[in-house]
Amino acid sequence: MIVRPALESDFPSIVRLDALSNPHPWGESLIADALQSRKNWVIESAEPVLDTEPSHILAWLTASQTFDQSELELILVDVAVRRQGLAKKLMVAWLESFSKGDVSEYLLEVRESNLGAIGLYESLGFELVGRRKNYYKTEQGHEAACLFTLAV
Ligand SMILES: CC(C)(COP(=O)(O)OP(=O)(O)OC[C@H]1O[C@@H](n2cnc3c(N)ncnc32)[C@H](O)[C@@H]1OP(=O)(O)O)[C@@H](O)C(=O)NCCC(=O)NCCS
């Protein structure tokens, strides 16, 4: 398994990962935009799974940067390889990617019901600093967004 910055050629593999493993898929246009305008990392499996595939992407993280803040936009791991530490590896790649002093705060928002992701963020030292009521749509109605930050 290799953790590396995403390449333009990863686009089809990321689209497939999003379609198969994201409970709220982003779709091609948001993914293309993220690959062009944000910082992106992927985890690639050592062996291609299909002959037709140039790479097999097991996980993807995309984050933006505004001045001295960097915000996680999405982290996504293939359902077949969850709870093996892949998300943690990508989070560490993101957190360690900035030179000292470039970023003083990391931010993220997550659905209140996403206890797995919340466990991941808390294990890395993120702290809950706010809550936006009814921020995300659900099948039944709405749910809150929890805002987490990590200061460096
Ligand atoms: C959330 C997500 C990225 C976690 O990926 P993962 O590779 O399975 O996470 P890791 O194996 O690195 O987990 C690291 C730690 O996070 C916590 N964690 C991760 N998934 C968890 C779950 N389902 N339940 C409880 N804790 C969980 C645990 O503390 C875990 O450590 P442990 O396995 O030693 O107990 C993955 O479930 C996913 O892609 N979900 C769908 C997309 C999503 O919700 N993204 C987050 C919002 S942007």
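Trainee: Quick check on terms: a helix is a DSSP run of H or I with at least four residues, a strand is a run of E with at least two, and both are numbered from the N terminus. With that settled, which residue follows H4?

Mentor: Gly125 follows H4, and its phi is positive, near 100 degrees. Keep in mind that this is a predicted model.

Trainee: Okay, noted. Which residues of H4 are buried?

Mentor: H4 runs over residues 115-123, and Ala117, Ile118, Leu120 and Tyr121 are buried there. They sit on the same side of H4, because they cover an arc of only 155 degrees around the axis.

Trainee: What does the face turned away from that buried side carry?

Mentor: That face of H4 carries Leu115 and Gly116, which are exposed.

Trainee: And what covers the buried residues of H4?

Mentor: The cover includes three strands and a helix: S4 (69-77), S5 (105-111) and S7 (142-151), plus helix H3 (86-95).

Trainee: Let's zoom out. How many helices and strands does the protein chain have?

Mentor: There are four helices and seven strands. Going along the sequence, the pattern reads β-α-α-β-β-β-α-β-α-β-β.

Trainee: How does the radius of gyration of the chain look next to that of a compact globule?

Mentor: It agrees, because a compact globule of 152 residues would have a radius of gyration near 15 Å, and the protein chain has 15 Å. The C-alpha trace spans about 45 × 45 × 30 Å along its principal axes.

Trainee: What share of the residues is buried?

Mentor: Buried residues come to 43% of the 152 in the chain. As for the surface, the chain exposes about 8,900 Å², and carbon and sulfur atoms supply 51% of that.

Trainee: What about contacts along the sequence, how many join residues at least 24 apart?

Mentor: Take the contacts between residues at least 6 apart in sequence: 58% of those join residues at least 24 apart.

Trainee: And the charges, how far apart are their mean positions?

Mentor: The chain has 14 positive and 22 negative charges, and the mean positions of the two sets are 5 Å apart.

Trainee: Back to phi. Which residue has a positive phi although it is not a glycine?

Mentor: Phe67 is one, at about 50 degrees. You'll find Phe67 in the loop between strand S3 (57-66) and S4.

Trainee: Is Phe67 buried or exposed?

Mentor: Phe67 counts as exposed, because its relative accessibility is 77% and the cut-off for exposed is over 50%. Arg83 is another non-glycine with a positive phi, of about 60 degrees.

Trainee: Where is Arg83, and how accessible is it?

Mentor: Arg83 lies in the loop between S4 and H3. Its relative accessibility is 86%, so Arg83 counts as exposed too.

Trainee: Let's move to S7. What does Thr149 contact there, leaving aside its neighbours within four places in sequence?

Mentor: Thr149 is in strand S7, and its contacts are Glu105, Tyr106, Leu107, Gly125, Phe126, Glu127 and Val129. So the Gly125 that follows H4 is one of the residues Thr149 touches. Thr149 is buried, with a relative accessible area of 13%.

Trainee: And Glu143, is that buried or exposed?

Mentor: Glu143 is buried, because its relative accessible area is 12% and buried means under 20%. Glu143 also belongs to strand S7. Again leaving aside neighbours within four places in sequence, its contacts include Arg111, Arg132, Tyr135 and Tyr136.

Technical notes: Residues are numbered from 1 along each chain as its sequence is written. This is a predicted model: local features need pLDDT of at least 70, side-chain atom pairs count only at pLDDT 80 or more; totals for chains, interfaces and linings use all residues. Side-chain values use heavy atoms; hydrogens and water are left out. Buried means under 20% relative accessible area, exposed over 50%, partly exposed in between (1.4 Å probe, protein chains only). The arc is that of the directions from the helix axis to the C-beta atoms. Contact means heavy atoms within 4.5 Å. The radius of gyration is taken over C-alpha atoms; the globule rule is 2.2 Å times the number of residues to the power 0.38. Accessible areas come from the Shrake-Rupley method with a 1.4 Å probe; for residues, only the protein chains shown count as cover. Lys and Arg count as positive and Asp and Glu as negative; His and the chain ends are not counted. The place of a charge is taken as NZ of Lys, CZ of Arg, CG of Asp or CD of Glu.
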